[in-house]
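This report walks through a set of local features, from strand pairing to charged contacts, a pocket and some backbone angles. Please keep the sequence and the structure in view while reading.

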Amino acid sequence: MRYPTPRELGLAARALADEHPGEVRLRQAGTSRAGQPLWVLSVAAKGGAPGGAPGGADRNVLVVAGAHANEPVGGATALSLARRVLDDPAPRAGCGWHFLLCADPDGADLHRTPHPYSLLDYHRNFFRPPGPEQPEWAPSLLPPDRLPPETLVLMALIDELRPVLQASLHATDLGGSWVQLTRDVPGLAEPFGTSAAELRIPVENGASDAAGWPSPGPGIFVIPQPGSEAAGAFHPEDTRLSTWYHAHRYAGTTAIVEVPMWASDLVDDPTPHPDPRGALRMLADRLTSDAALVAAVRGGDGVRPGPQTHEDPAAATLLRAVDWTLALIPRIAAEWTAGAPAEATAAYIASIDAFGRRLSLRAAAMLLRVLRAQGHPAAPGLDRLVTWWCEDFAARFGARWVPVATQVEHQSRIVLAAYDRLVAADRAERAG
């Protein structure tokens with residue numbers, strides 16, 4: 001099994017709709033900035049209207065795949081989930097299921113990784129857009145009149161469906177699995193932990209972008225209120241403006257389900273770290289020096305935007321992403337130095353270590369794509385640096401590949417478990 005492209009997702013979804021015309025519907029909800037279709041696959045509620053029309057269901061679930069271009073597993077999970085709920089009447093009892101198959105098809109086409117064989121292979125054609133160009137995060141960074149069409153489509157879907165659960169499917173290159181919630185989902189920690197153990201996927205106990213967040217169980221994190229001390233440097237924007245929180249208008253909850261492409265047991269180590277403050281200072285220094293190496297190449301002759309870049313839209317897009325990533329790093333390094341906790345687990349420090357490595361590596365990998373295309377003389381040297389960073393990252397963390405089918409199975413289980421727990425909690429509240 002490999003990661004499907006946006007076009008392959010559309011073709012597979014069309015075939016599924018053709019096989020089940022009374023229960024499954026495929027529709028185009030809008031278009032991307034480049035004019036690509038944004039497909040929504042719907043599976044009707046049991047006893048509801050054909051095609052999963054919202055009016056025929058007591059409730060709806062919206063599953064969002066491909067919100068980050070470099071996280072391709074979500075589309076495969078969406079298709080698998082659609083088939084699973086089609087075959088199982090339980091999740092469809094009074095509930096329509098709707099799948100946005102790829103929220104950013106333009107970005108997915110630029111990040112080409114149908115089947116990476118190593119971290120280096122994954123980064124050879126890496127792309128992750130700047131925050132303002134990411135469909136889910138754009139509302140927290142841009143005024144309403146400048147939102148990209150992908151974001152507007154996603155918000156319109158939420159307004160239409162009023163989902164009790166919005167499941168956003170994400171992935172990390174190397175690490176473990178965790179879930180971020182906009183509201184607590186009581187009881188989710190147990191099926192999450194069981195699935196991870198059965199599938200040999202480490203639980204990311206100290207996820208770097210969830211530092212200090214309320215955690216009702218290992219690997220489960222509830223996003224704190226914006227501006228609180230726990231929000232940290234990773235979500236300084238007002239998260240209430242993101243599409244994750246748009247479902248709250250309709251009493252919905254969003255679950256962001258993360259699964260690793262390569263697993264590392266280091267992020268699942270709950271033992272206390274002997275010197276977390278010293279470790280974070282060291283990691284901040286390394287992040288700063290690594291970023292400086294990339295910035296020096298970025299500022300070199302012939303790499304600045306110019307006529308050649310403007311003739312190549314991909315190069316301009318890649319350079320915007322490089323610059324945005326490099327601009328994040330000083331703030332993050334400062335946060336690590338100033339806000340180091342007196343106590344922290346080995347898992348937390350490992351997660352911070354991985355986060356810092358991937359920031360510099362991503363910027364370098366995207367810059368390398370531009371240099372290669374231009375035949376720039378700095379390309380060979382940057383290529384050697386990217387190769388070394390990838391190999392060192394994999395070796396330090398003992399990276400082991402998680403098969404795509406396993407990634408899909410884990411995400412599918414967690415989405416179904418989150419829905420089941422939300423429905424159970426709602427029933428208990430009504431009965432009480």
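R59 stands opposite C95, a residue of β4, in a model that is predicted. This pair is part of a parallel arrangement in which β3 and strand β4 (residues 95-100) are joined over six bridges. On β5, S168 is the bridge partner of V64, and the pairing of β3 with β5 is likewise in the parallel sense, here over four bridges. How much of β3 is covered? Five of its six residues are buried, and the strand is accordingly described as mostly covered.

**The largest pocket**

Strand β3 also has a part in the largest pocket, since β3 and α14 each supply at least two residues of its lining. The volume of the largest pocket is about 390 Å³, and 19 residues line it, with V164, Y250, A251, L422 and D426 lying nearest its centre. Which element gives the most to this lining? It is α14, which contributes six residues. By character, the lining of the largest pocket divides into nine nonpolar, two polar and eight charged residues.

**Salt bridges**

Over the whole structure, a search finds 22 salt bridges, and three of them are set out below with the closest distance between nitrogen and oxygen.

| Pair | N to O distance |
|---|---|
| K46 and E23 | 3.8 Å |
| R400 and D265 | 3.3 Å |
| D392 and R357 | 2.9 Å |

The side chains of K46 and E23 meet in a salt bridge at 3.8 Å. The pair links distant parts of the chain, 23 residues apart, with K46 in the loop between β2 (37-43) and β3 (59-64) and E23 in the loop between α1 (6-19) and β1 (24-31). K46 is partly exposed, with a relative accessible area of 45%, and E23 is also partly exposed, at 26%.

R400 and D265 form a salt bridge in which the closest N and O atoms are 3.3 Å apart. Because R400 lies in strand β9 and D265 in the loop between β8 (253-263) and α9 (276-298), this pair ties together parts that are 135 residues apart in sequence. R400 itself counts as partly exposed, at 23% relative accessibility.

In the salt bridge between D392 and R357, the side chains meet at 2.9 Å, N to O. Here D392 belongs to helix α13 (residues 379-397) and R357 to helix α12 (residues 346-374), so the contact ties together parts that are 35 residues apart in sequence. Is each of these two residues buried or partly exposed? D392 counts as partly exposed at 26% relative accessibility, whereas R357, at 14%, counts as buried. Both residues also belong to a network of salt bridges that links R286, D353, R357, D392 and R396.

**A loop residue beside β9 and α14**

P403 lies in the loop between β9 (400-401) and α14 (404-431); β9 is the strand that holds R400, and α14 is the helix that gives six residues to the lining of the largest pocket. With a relative accessible area of 40%, P403 is partly exposed, because that value falls between the cut-offs of 20% for buried and 50% for exposed. From C-alpha to C-alpha, P403 and Q225 are 36 Å apart in space, while 178 residues separate them in sequence.

**Positive phi angles**

Most residues other than glycine have a negative phi. Against that background, R162 has a positive phi of about 45° although it is not a glycine. R162 is found in the loop between α6 (149-161) and β5 (165-175), and β5 is a strand that pairs with β3. Is R162 buried or exposed? R162 is exposed, with a relative accessible area of 53%.

R200 likewise has a positive phi without being a glycine, with a value near 60°. The loop that holds R200 runs between α7 (189-198) and β7 (220-222), and R200 is exposed, its relative accessible area being 57%.

Key. Residues numbered from 1 in each chain as written. Predicted model: local features only at pLDDT ≥ 70, side-chain atom pairs only at ≥ 80, totals over all residues. Heavy atoms only, no water. Buried < 20%, exposed > 50% of the residue type's maximum accessible area, 1.4 Å probe, protein only. Salt bridge = Lys/Arg side-chain N within 4 Å of Asp/Glu carboxyl O. 1 Å grid on protein atoms, 1.4 Å probe; cavity = no way out; pocket = protein on both sides within 12 Å on 5 of 7 lines; lining within 4 Å. Points joined across faces, edges and corners; volume = space filled by probe spheres on them. Nonpolar A, V, L, I, M, F, W, Y, C, P; charged D, E, K, R; others polar. Pairing = 2+ DSSP bridges.
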